[in-house]
Amino acid sequence: MSSVGAYLRGLREQQGLSIDELSRATRVLHHYLEALESDDMASLPAPVFTKGFIRAYCQAIGADP
């Protein structure tokens, strides 16, 4: 089973989006998106913000949050 970060990265790559493009679309800083994709939870802010980042990420790529 793949990790959440690998799953998100795969979805983004299927859409042909770069981290910078996704950052502009979601207004989430690119280092937070990179932390999500690499499962680096220590680099992410409080869980309430991280959930919002995941929701915005999924909405931007057309996936169900």
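**Group meeting: helix contacts and a buried pair**

Okay, let's start with D20, which is partly exposed at a relative accessible area of 45%. One thing before I go on: this is a predicted model. D20 is placed in helix α2. Going from D20 to H31 takes eleven residues along the sequence, and in space their C-alpha atoms are 9.7 Å apart. D20 will come back in a minute, when we get to the helix contacts.

So, helix α2, residues 19-26, and helix α3, residues 30-37. How close do their axes come, and at what angle do they cross? They come within 9 Å, and the crossing angle is roughly 115°. That makes the two helices, α2 and α3, roughly perpendicular. As for handedness, α2 goes past α3 in a right-handed crossing. If you want to click through the contact, on the α2 side pick I19, D20, L22, S23 and T26, and on the α3 side pick H30, L33, E34 and E37. There's our D20 again, on the α2 side. Which classes do these residues fall into? Three of them are nonpolar, three are polar and three are charged.

Now turn to the other partner of α2, which is helix α4, residues 47-61. Here the axes come within 9 Å and cross at roughly 105°. So α2 and α4 are also roughly perpendicular to each other, since angles from 65 to 115 degrees get that label. The residues that meet are L22, A25 and T26 from α2, and A56, Y57, A60 and I61 from α4. By class, that contact has six nonpolar residues, one polar and no charged ones. Put that beside the contact of α2 with α3, where three charged residues take part. And look at L22 and T26: you'll find them in the α2 list for α3, and again in the α2 list for α4.

Next, what's buried in α3? The residues are L33, A35, L36 and E37. The cover over them includes α1, α2 and α4. You'll notice a glutamate in that set, so let's stay with E37.

E37 is in helix α3, and with a relative accessible area of 5% it is buried, because anything under 20% counts that way. What does E37 touch, once you skip residues up to four places away in sequence? The list is G5, A6, L8, R9, R12, I19 and Y57. Of those, R12 is the one I'd like to show you, since R12 and E37 make a polar contact, side chain to side chain, at 2.6 Å.

So have a look at R12. Where does it sit? It's in helix α1, residues 4-15. Buried or exposed? R12 counts as buried, at 8% relative accessibility. Leaving out residues up to four places away in sequence, R12 touches L17, S18, I19, L22, E37, Y57 and I61. I19 and Y57 are in this list, and they're in the list for E37 too. So picture a polar contact between an arginine and a glutamate, with the R12 end buried and the E37 end buried.

Last stop, the loops. Between α2 and α3 there's R27. It isn't a glycine, but its phi is positive, about 60°. At 81% relative accessibility, R27 counts as exposed. Another positive phi turns up just after α3, at D39, again about 60°. D39 isn't a glycine either. It's in the loop between α3 and α4, and at 30% relative accessibility it counts as partly exposed.

D40 is in that loop as well, between α3 and α4. It, too, counts as partly exposed, with 30% relative accessibility. Which residue does its side chain pair up with? That's S43, through a polar contact of 2.6 Å between the two side chains. And for orientation toward F53, which comes 13 residues away along the chain, the C-alpha separation from D40 is 14 Å.

To wrap up, I'd look again at two places. One is the R12 and E37 polar contact at 2.6 Å. The other is α2, roughly perpendicular to α4 and, with its axis crossing that of α3 at roughly 115°, roughly perpendicular to α3. Okay, over to you.

Technical notes. Residues are numbered from 1 along each chain as its sequence is written. This is a predicted model: local features need pLDDT of at least 70, side-chain atom pairs count only at pLDDT 80 or more; totals for chains, interfaces and linings use all residues. Side-chain values use heavy atoms; hydrogens and water are left out. Helices (H or I, at least four residues) and strands (E, at least two) are DSSP runs, numbered from the N terminus. Buried means under 20% relative accessible area, exposed over 50%, partly exposed in between (1.4 Å probe, protein chains only). A polar contact is a pair of N or O atoms within 3.5 Å; within protein, one must be able to donate a hydrogen and the other to accept it, and residues adjacent in sequence count only if both atoms are side-chain atoms. Contact means heavy atoms within 4.5 Å. Axes are lines fitted to C-alpha atoms, for helices over the stretch in contact, and angles run from 0 to 180 degrees between N-to-C directions. Angles under 35 degrees count as roughly parallel, over 145 as roughly antiparallel, 65 to 115 as roughly perpendicular and the rest as oblique. A crossing is left-handed if the near helix is turned anticlockwise from the far one by less than a right angle, and right-handed if clockwise. Ala, Val, Leu, Ile, Met, Phe, Trp, Tyr, Cys and Pro count as nonpolar, Asp, Glu, Lys and Arg as charged, and the others, Gly among them, as polar.
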